[in-house]
Amino acid sequence: MNINFKFLLLGTVVCLFPQYAEAQCAETDCLKLGYTKLEKCDNGLKCPFGEYWACPCDTSYEYTCTGANEQPGTDKCGDKYKSCNCASGYEWKDGKCQTKGAVLGQCTGYAKNCKIGQILNGDGTCTTNKENGKTPIGVVVYIGNDNCGQALALNNLGKMRWSTESTDIKGLTNYTSDAEKLDFDSCGNTQKIIQQGDSSKYPAAWGAYNYTPKSIPETKGRWCLPAAGVGGSMMNNHTVINSGLSKAGGEQLPITENGHCNWSSSEKGNLTAWRWCFYGNEWLDRMKSALDTSVRPVITF
């Protein structure tokens, strides 16, 4: 027990001589004396002046809140706290104040702290190298002017069709050229595609959307088929991105003579969509029903 019950017992003193009340009377307010519980507890003491109890602290009160970037919490028992408040830029997680990272699947502006080629970890932080206690989930491949970023999955999902039908997706811009310079809305595009039809009709977008990393399965539904502009960033930063993928333990983006290519979520029209190929940095509009194009998701942060 870490409540001083001897001090609490002083509450049983009463006024014997009213004329000396100020000097000889003890406090009789249970709450002020430390009896704060309304229900009886094991090994507790009952307040002599009411139905309140003083209970020993349970094991959930374990933090002193004196560490780096820690401040006293609000739930206190004795000299310990259930959790601590954290300084600006930090959050309480796993029993300590840690650097506050991005919200995976949302644009929070955290990407201003990151660089293309860095590892994006499961706690939303970016690191140059793989670090103990952090789980890599992707590598940063794009950072926008709004400090929103996109990170590439560590694994390729294989080759899929863009679609099995010749349909111009409702609300999806048709880029007849320069898609790699204009379109960066990976997740907005993906949502429009999957709303058009199920996975049998739009395998590539659905494959990206349903990607579920074993290390952080809760991100399922937050992954997207990269827009052409994000693909362009991958081609322009190919070397540094592959270095990050190597450090994170992921599959590199190969440069092969047969032109390893990836689907984008950027559409050209009802028959074709854009893809990029790392061999020769080539952009091609490809029939959506082609079978030979890889899918690799990205996640916003």
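Five aromatic pairs are counted in this predicted model. One of them joins Trp206 and Tyr209, whose rings meet edge-to-face, with 5.7 Å from centre to centre and 90° between the planes. Both residues belong to helix H6, which covers residues 203-209, and they stand three residues apart, about one turn of the helix. Tyr209 has a relative accessible area of 22% and is therefore partly exposed, given that the buried class ends under 20%.

A further edge-to-face pair is formed by Tyr211 and Trp223, at 4.9 Å centre to centre and with 85° between the planes. Tyr211 is in the loop between H6 and strand S14 (223-224), whereas Trp223 is in strand S14 itself, so this pair ties together parts that are twelve residues apart in sequence. Are the two partners buried or exposed? Tyr211 counts as buried because its relative accessibility is 10%. Trp223 is buried as well, with a relative accessible area of 0%.

The account now turns to the nonpolar interior. The largest nonpolar core holds 22 residues, and those that touch the most other members are Val141, Leu152, Met234, Ile241, Leu245, Leu253 and Val298. Which elements give two or more residues to this core? They are strand S11 (136-143), helix H7 (228-236), helix H8 (238-248) and strand S16 (272-277). The largest share, four residues, comes from H7.

Leu253 illustrates how such a core residue is surrounded. With its neighbours within four places in sequence left aside, Leu253 is in contact with Leu152, Met234, Ile241 and Leu245, among others. These four are also named among the residues that touch the most other core members. The contacts of Leu253 further include His238, Asn242, Phe278 and Arg296.

Two of these contacts, Phe278 and Arg296, lead to a polar residue, since both also appear in the contact list of Asn262. Asn262 is located in strand S15, which spans residues 261-267. With a relative accessible area of 2%, Asn262 is buried. The side chain of Asn262 makes a polar contact of 3.4 Å with the side chain of His260. Beyond its neighbours within four places in sequence, Asn262 is in contact with Asn156, Arg275, Trp276, Phe278, Thr293, Ser294, Val295 and Arg296.

Notes:
Residues numbered from 1 in each chain as written. Predicted model: local features only at pLDDT ≥ 70, side-chain atom pairs only at ≥ 80, totals over all residues. Heavy atoms only, no water. Core = buried A, V, L, I, M, F, W, Y, C linked by side-chain atoms within 4.5 Å. Buried < 20%, exposed > 50% of the residue type's maximum accessible area, 1.4 Å probe, protein only. Contact = heavy atoms within 4.5 Å. Polar contact = N/O pair within 3.5 Å; in protein donor to acceptor, adjacent residues only side chain to side chain. Phe/Tyr/Trp six-rings, centres within 6.5 Å; stacked < 30°, edge-to-face > 60°.
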